[in-house]
Amino acid sequence: METKWVDAGAWPDLARSLTEDGWWLADLCGVDRLTLTRGEGGRFEIVAQFLHRKRRERATVHVAAAGDPPAIPSIVELWPSADFMEREAFDLMGIVFEGHPNLTRIMLPDDWEGHPLRKDYGVGKVPIEFIPQPFLQFDSPHQQPNSQEAGVAVDRLGQPEIEGGQAAGGLSHFGDTKIGASPEEDEDHS
Amino acid sequence: MSRAAQIIADLERRGQGAFVEDFDEDQDRMVINMGPVHPSTHGVLRLLLELSGETVIKCLPLIGYLHTGMEKECEDQTWRAAIVIVTRMDYLAPFFNEQVYSSAVESLLGIEVPPRAKYIRTMMAELNRIASHLIWFGTQGLDMGAMSAMFYGFRERELLIDFFEMVTGLRMNHGYHIPGGVWEDLPEGWEQSVRSILKVLPDRFDDYEGLLSHNPIFLERTKGIGGMSKEDALALGVTGPIARASGIDWDLRRDMPYEAYGDLSFEVPVETAGDVYARYLVRMREMRESVKIVEQLVDGMPGGPFKVMDPKIMPPPRSELNSSMEAVIHHFKIVTQGYTVPPGETYVTTESPRGELGAYVVSEGGSSPYRMHMRDPSFVNMQSLSVMARGGLVADLIAIIASLDPIMGGVDR
């Protein structure tokens with residue numbers, strides 16, 4: 001199993017020559033080398049796995065993505081199978097694939113902010129996943145918050161309305177994902 | 001550019017929603033959403049379809065409805081605890097997820113599991129392949145209008161699930177294969193249970209084939225439907241039974257053996273038609289081959305330890321904790337901190353019921369994975385749906401999705 005490290009500029013040519021040589025693209029994913037030893041390119045890279053069916057060998061190619069946002073030429077024209085893989089790396093890692101016909105989010109909603117697989121995107125730090133809702137109208141006068149008396153727009157709890165009405169999200173957030181991140185108290189199964 | 005590449009580029013260039021621009025009343029075009037909640041989409045798969053009457057002009061899969069960030073979650077778990085997350089990816093074939101992840105960690109640790117552990121893992125995986133294919137059989141039949149296939153498939157799967165429960169304690173998401181071996185040795189009476197299952201299954205497979213293989217309605221709805229050429233299958237990264245139905249003679253178990261597969265003799269069924277019926281034939285024969293494989297494994301099951309006896313990686317047996325201070329220390333360290341894995345990266349693959357399941361694991365020397373990526377075959381195979389569905393009827397699309405056998409837990413992870 002051989003491993004190659006290349007720059008973004010050399011990637012399309014390398015992919016083409018590997019393909020002509022009989023290699024088959026098996027996988028492609030993004031890696032954030034924030035605290036790992038880095039190659040020459042910097043923090044982000046994609047890792048592509050190739051398989052040679054006749055020689056029964058595998059090869060790994062690391063492609064460094066330089067710049068902000070990190071960018072790499074797309075290989076979708078060469079390998080249609082890279083379509084979803086590149087979109088996934090864009091969505092979760094924020095690597096831009098230049099020349100991809102439709103580089104949009106694939107796993108997360110289109111209005112999601114940030115790229116979760118980046119190392120500086122902490123689990124449990126971002127509780128907002130609710131789209132701002134319009135001001136709720138209530139039929140019963142007993143439930144209706146009196147916005148005229150308060151002088152400001154209020155939400156249904158009578159609190160001053162935050163711009164965009166985002167207050168509903170995260171009220172019961174207590175960071176359970178972060179708590180769950182502490183070392184497991186694993187039982188002994190032996 | 002190949003045909004497959006053109007179709008994918010064409011679809012993606014238009015993107016989501018852009019289909020509506022093409023809307024042309026004269027041509028009787030219609031854009032509809034199929035799913036995400038639809039009985040024939042096997043989970044939460046959403047398809048954006050452009051139809052001309054009943055004919056599918058374009059089909060774009062939109063995924064992500066089951067995305068729970070499992071790869072990210074793994075980065076916060078100890079090496080051993082990540083198994084609990086990994087096993088939930090492809091939930092119909094949990095043993096394969098566990099096995100590929102465990103092998104990746106073992107390769108980073110530089111350890112080799114004992115022969116008995118290899119045999120147990122292989123046996124459980126092959127039984128799981130049958131269980132997974134039985135679900136496929138049931139749903140394929142159900143989607144083609146053969147309700148009884150569903151009942152039969154689930155009835156036989158229950159035998160296997162009961163055996164999994166007997167061995168691992170759980171019906172699904174077992175967490176049984178762990179880095180360094182398996183969680184626990186096989187229980188008493190396992191051999192009798194496996195043999196009784198193996199005795200029953202081939203007869204039942206005969207029944208299934210009697211139900212569907214020559215059923216005129218089933219043939220009408222599967223033969224020549226959803227065809228995919230060998231070139232397209234290669235370009236789209238398709239693996240597993242779907243690739244073998246398109247004439248790609250490749251099976252990791254035979255061609256790049258791992259675990260105990262090197263000791264076994266079995267055949268790899270290959271068809272060349274590339275249609276839904278060819279996939280049916282391949283999977284039916286694969287189940288029979290799996291029965292043969294399990295028979296060989298039961299006959300040749302070696303004795304000895306079922307896990308590596310390195311106390312730095314595996315907690316010592318409970319019995320030692322009362323007498324050995326060292327055992328208590330090892331146990332405490334593993335339970336509280338886990339173990340560290342030397343820096344490095346690895347890509348390990350398994351032939352899962354759906355194709356090449358790969359785990360790319362990076363360690364920075366800590367007690368949890370630095371990066372854990374799964375190449376899930378369902379995710380990659382999903383792209384071929386656009387190519388297979390083009391030009392067919394909506395009813396054919398149902399047959400094609402069933403023959404694709406996608407697991408949305410694996411697609412979205």
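**A tour of chains A and B**

Helices α5(B) and α6(B) are roughly antiparallel to each other, because an angle over 145 degrees counts as such. This is a predicted model. To view the pair, select residues 115–143 of chain B for α5 and residues 147–168 of chain B for α6. Their axes come within 7 Å and cross at roughly 165°. The crossing in which α5(B) passes α6(B) is left-handed.

Next, display the side chains at this contact. On α5(B), the residues to select include B:Leu127, B:Ile130, B:Leu134 and B:Phe137, together with the glycines B:Gly138 and B:Gly141. On α6(B), they include B:Met150, B:Gly153, B:Phe154, B:Arg157 and B:Leu160. By class, the residues of this contact comprise 14 nonpolar, three polar and two charged.

Move now to helix α4 of chain B, residues 94–109. From the first C-alpha to the last, this helix of 16 residues reaches 23 Å, close to the 22 Å expected at 1.5 Å a residue. Of its 16 residues, 15 are buried, so α4(B) is largely enclosed by the rest of the structure. Just after the helix, select B:Gly110, which takes a positive phi of about 75°.

Helix α16 of chain B, residues 394–404, is the next stop. Nine of its eleven residues are buried, and it is therefore largely enclosed by the rest of the structure. Among the buried residues are B:Asp396, B:Leu397, B:Ile400 and B:Ser403. Just after α16(B), B:Asp405 has a positive phi of about 50°.

Then show both chains and turn to the interface. Here 52 residues of chain B are in contact with 38 residues of chain A. Elements of chain B that each supply at least two residues to this side include α1 (3–14), α13 (325–336) and β7 (355–363). The largest share, six residues, comes from α1(B). The side of chain B that touches chain A has 24 nonpolar, 14 polar and 14 charged residues.

Finally, select A:Ser81, in the loop between β5 (71–73) and α2 (82–93) of chain A. Is A:Ser81 buried or exposed? A:Ser81 counts as buried, because it has 29 C-beta neighbours inside 10 Å. Leaving aside residues up to four places away in sequence, A:Ser81 touches A:Leu25 in chain A and, in chain B, B:Ala235, B:Leu236, B:Gly237, B:Val380 and B:Gln383. For a last distance, pick the C-alpha atoms of A:Ser81 and A:Gly99: these residues are 18 apart in sequence and 15 Å apart in space.

Definitions and conventions: Residues are numbered from 1 along each chain as its sequence is written. Chains are lettered from A and ligands numbered from 1 in the order in which they are written. This is a predicted model: local features need pLDDT of at least 70, side-chain atom pairs count only at pLDDT 80 or more; totals for chains, interfaces and linings use all residues. Axes are lines fitted to C-alpha atoms, for helices over the stretch in contact, and angles run from 0 to 180 degrees between N-to-C directions. Helices (H or I, at least four residues) and strands (E, at least two) are DSSP runs, numbered from the N terminus. Angles under 35 degrees count as roughly parallel, over 145 as roughly antiparallel, 65 to 115 as roughly perpendicular and the rest as oblique. A crossing is left-handed if the near helix is turned anticlockwise from the far one by less than a right angle, and right-handed if clockwise. Two residues are in contact if their C-beta atoms, placed from the backbone, lie within 7 Å. Ala, Val, Leu, Ile, Met, Phe, Trp, Tyr, Cys and Pro count as nonpolar, Asp, Glu, Lys and Arg as charged, and the others, Gly among them, as polar. The expected span of a helix is 1.5 Å times one less than its number of residues. A residue is buried if 20 or more other C-beta atoms lie within 10 Å of its own, exposed if 12 or fewer, and partly exposed in between; C-beta atoms are placed from the backbone.
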